[in-house]
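Subject: Structure for your review

Dear colleague,

Please find below the structure that I am handing over to you. My notes on what was found in it follow directly after.

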Amino acid sequence: MARASRRQRAGYRVRGEICIGTATFFSFVAVILLIFAHVGQINTSTIPRDISMAKVNISTYGAALHTAIVDPVQGLYTTNFSAPLEQHAGLRQFYLFGLYSHCAFTDKALGLCSNVTTATQWTPFTAVVNDMPTNYSTLTLGLVPPDLTFVNSHYLGEFTRAAYYLLLMGTVCAGLAMLIGLWKRTLTYVISTSFAVFGTTLLLMGVTIWTVIIHKAQDINSAFVVVGSQQSTVPLGITVSTGAGLWLFWGAFISLFLSMGPYMIACCTYRG
Ligand SMILES: *[C@@H]1O[C@H](CO)[C@@H](O)[C@H](O)[C@H]1NC(C)=O
Ligand SMILES: *[C@@H]1O[C@H](CO)[C@@H](O)[C@H](O)[C@H]1NC(C)=O
C-alpha cells in the first residue's frame, strides 16, 4: 500500500518534470522569437535589417504621377540614400516600418532609418508624403483618394501604438513565465501558468491589431489615381505588405500558447 503510493508519487513527479520541460521549451522559444522581433527592429545602422512590421513599395508611384499630371516628374525620388527623412528631401522607393523606427531605401537597397523611439506610430502615408519635394507632396494629397485607410494616419497611428504596448506587455509576461517556471515549486508553476495565459492573450491582441490594420491599409494596393473628381484607371503604384516582424510575433504567440497546457498540468501534478 505504502509502496504503491510512493510509486504513484514518483510517477506524478516524472510527469511533472516532463510537463515543465515542455512548458519551459515553448516559453523559451517564444521569448527568443520576441527578442528577435524587438531587437531586429531597432535599426541603428545605415544598412537596415529586414525585420519590420510592414513594408511599403512606392517605386512606381512616380510613373503613376506622370500619367496623372502629364508633365514630366523630376526630382520626386532622391538618389542620395543619406538625405534626411521627412524633410521633403526626396522620396525613396522602399520603406520598412518597425515598432521603433522606419527605414527608407533607394532602389540600390541603401537606406537610412529614423531615430529610435518607443511606441512609434505607424503612419506610412505621412512618412512618404513628408519625404516628397514640397510641390509633389501637395499634388499627392490631391491625387490619392482621401477615403482610403492607408491615408488615415491618425487611425493607423493610434491603433498601432496601442498594439505596441500590448506586444511589449506580452513580451514581459512571456519572459516572466519562462524565468519563474525554472524554480521547481508548485507555487511558481501557478505563477508561470498565469503569466503564460496573460502573455498569450496580450500577444494575440497586439498581433491581431497589427494584422488587421495592415490588411486595412492594403486598400492602397488596388487604388487608382484621382484626376479632378474622377477616378482614373491608373494604379497608384503604392503597395503595402507585411514584414517578417509580424510573423515573428505570430510565431511567439503560438509557442507561448503551446506552453500554457504543460504549465497548467505541471502545477496540478507536481509536488515539489
Ligand atoms: C515594387 O513594386 C513594383 C511594382 O509593383 C514591382 O515591380 C517590384 O518588384 C516591387 N519591388 C519589391 C522589392 O517588392
Ligand atoms: C546626401 O545627403 C547628405 C545629408 O544631407 C549630405 O551630407 C550629402 O552631401 C549628400 N550627398 C550628395 C552626393 O548629395
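At roughly what angle do the axes of helix α2 and helix α4 cross? In this predicted model, the axes of α2, which spans residues 61–69, and α4, which spans residues 134–143, cross at roughly 75 degrees and come within 12 Å. Because angles of 65 to 115 degrees count as roughly perpendicular, α2 is described as roughly perpendicular to α4. On the α2 side, the contact is made by Tyr61, Leu65, Ala68 and Ile69. The α4 side contributes Tyr136, Leu139, Thr140 and Leu143. Sorted by character, the residues of this contact comprise seven nonpolar and one polar, with no charged residue.

The model also holds ligands, and two of them are described here in turn.

Ligand 1 is surrounded by Asn57, Ser59, Thr60 and Phe94. The protein covers 33% of the 360 Å² of accessible area that ligand 1 has on its own. A polar side-chain atom of Asn57 lies 2.3 Å from an oxygen atom of this ligand. The shell around ligand 1 consists of three polar residues and one nonpolar residue, and no charged residue is present.

Around ligand 2, the surrounding residues are Asn80, Ser82, Ala83 and Pro84. Ligand 2 exposes 360 Å² when taken alone, and the protein buries 28% of that area. Here a polar side-chain atom of Asn80 is found 2.3 Å from an oxygen atom of ligand 2. The shell of ligand 2 divides into two nonpolar and two polar residues, again with no charged residue.

With kind regards

Definitions and conventions:
Residues numbered from 1 in each chain as written. Chains lettered and ligands numbered in written order. Predicted model: local features only at pLDDT ≥ 70, side-chain atom pairs only at ≥ 80, totals over all residues. Heavy atoms only, no water. Near = heavy atom within 4 Å. Polar contact = N/O pair within 3.5 Å; in protein donor to acceptor, adjacent residues only side chain to side chain. Areas by Shrake-Rupley, 256 points an atom, 1.4 Å probe, with all protein chains shown as cover. Nonpolar A, V, L, I, M, F, W, Y, C, P; charged D, E, K, R; others polar. Axes fitted to C-alpha atoms, helices over the stretch in contact; angles between N-to-C directions. Helix = DSSP H or I, 4+ residues; strand = E, 2+ residues; numbered from the N terminus. Parallel < 35°, antiparallel > 145°, perpendicular 65-115°, else oblique. Contact = heavy atoms within 4.5 Å.
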